[in-house]
Amino acid sequence: MATLGKLVEGKVAIVTGSSRGIGRAIALKLAECGADVAINYSKSADAAKEVAAQIEGMGRKCLVVQADVSSFADAQKMVDEVVEKLGTLDIMVCNAGINKDGVIWKMTEEQWDQVIDVNLKGYFNYCRAAIPVFREKQYGKIVNIASINGLRGKFGQSNYTAAKGGIIAFTKTMARDLGNKNINCNVVAPGLIATEMVQAMDEEAKDKSRKEIILGRIGEPEEVANVVAFLASDFASHITGQTLNVDGGQLM
């Protein structure tokens with residue numbers, strides 16, 4: 001995989017849900033590109049420590065924080081700790097997500113609430129905590145991870161797609177609210193990416209999705225991370241309110 005150089009040299013980033021999958025790849029890519037990175041986890045402490053060791057092995061600082069992304073208080077506590085221990089905050093990447101699939105006529109209130117609380121409210125929590133820091137310094141990069149299914153809908157995923165579509169609208173509104181403070185807010189919408197969530201899919205559903213991909217293959221987490229690193233850098237200083245699909249042409 002080609003290197004992106006020191007796109008975010010000297011910056012400090014938070015990446016939520018970064019102990020595995022796309023979040024892990026993003027955290028490692030930002031460190032490779034020069035940032036100190038704070039990662040969070042809910043239950044996977046060992047996996048988070050492994051990511052931290054890799055980041056520190058690159059000569060970057062890493063802060064590991066256990067936090068429930070659906071908790072407003074946990075989000076504020078993590079941002080405060082990052083600013084205290086790493087000196088500032090420049091980049092917020094909201095990535096943490098879960099899925100509790102089911103057709104709408106069988107979906108329970110609990111399935112709906114859990115997914116919305118993590119996949120949408122969690123993004124509000126962390127952006128809300130970071131924005132006062134960004135406004136004060138008149139600089140910040142917010143990159144929210146959504147999904148192409150938030151743009152088109154997906155059978156059996158009314159909760160998941162509602163959250164992902166909400167992230168896109170939420171980010172566009174933040175871009176309008178914060179543009180005069182030099183804060184860029186963008187979305188990356190992956191398609192089918194080789195993560196644990198995708199590996200757990202029914203094989204028939206996976207094959208059907210794979211056939212939609214124009215490039216003919218499932219994407220890699222690092223390919224999403226490359227786009228996030230670009231949007232988190234000053235090379236993307238005149239890009240805000242946008243959704244970039246990383247899907248091999250799956251949605252086209």
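Let's start with a pair of charged side chains: D90 forms a salt bridge with K137, and their closest N and O atoms are 2.6 Å apart. D90 sits in the loop between α3 (72-86) and β4 (91-94), while K137 belongs to helix α4, so this pair ties together parts of the chain that are 47 residues apart in sequence. The two partners differ in their surroundings: D90 is buried, with a relative accessible area of 5%, whereas K137 counts as partly exposed at 31% relative accessibility. Keep in mind as you look around that this is a predicted model.

Side chains of opposite charge can pair when their charged atoms come close. The count for this model comes to 9 salt bridges, so there are further pairs to visit.

Turn next to D36 and R60, whose side chains meet in a salt bridge with an N to O distance of 3.2 Å. Here too, distant parts of the chain are linked: D36 is in strand β2 (residues 36-41), and R60 is in the loop between α2 (45-57) and β3 (62-66), 24 residues apart. D36 has a relative accessible area of 10%, so it falls under the 20% limit and is buried. R60 is buried as well, with a relative accessible area of 18%. This pair has company, since E9, D36 and R60 are linked in a network of salt bridges.

A further pair joins two helices. The side chains of E212 and R152 meet in a salt bridge at 3.3 Å, N to O. E212 lies in helix α8 (residues 203-212) and R152 in helix α5 (residues 149-152), so the link spans distant parts of the chain, 60 residues apart. Both ends are partly exposed: E212 has a relative accessible area of 29%, and R152 has a relative accessibility of 31%.

Now go back to helix α4, the home of K137, and look at its packing. The axes of α4 (residues 109-137) and α6 (residues 158-178) come within 8 Å and cross at roughly 15°. Because angles under 35 degrees count as roughly parallel, α4 is roughly parallel to α6. The crossing of these two helices is right-handed. On the α4 side, the residues making the contact include W112, V115, I116, L120, Y123, F124 and I131. On the α6 side, they include Y160, A162, A163, I167, F170, M174 and L178. By class, this contact between α4 and α6 has 15 nonpolar, 5 polar and 2 charged residues. The charged ones are R135 of α4 and K164 of α6.

Note on methods. Residues numbered from 1 in each chain as written. Predicted model: local features only at pLDDT ≥ 70, side-chain atom pairs only at ≥ 80, totals over all residues. Heavy atoms only, no water. Axes fitted to C-alpha atoms, helices over the stretch in contact; angles between N-to-C directions. Helix = DSSP H or I, 4+ residues; strand = E, 2+ residues; numbered from the N terminus. Parallel < 35°, antiparallel > 145°, perpendicular 65-115°, else oblique. Left-handed = near helix turned anticlockwise from the far one by under 90°. Contact = heavy atoms within 4.5 Å. Salt bridge = Lys/Arg side-chain N within 4 Å of Asp/Glu carboxyl O. Buried < 20%, exposed > 50% of the residue type's maximum accessible area, 1.4 Å probe, protein only.
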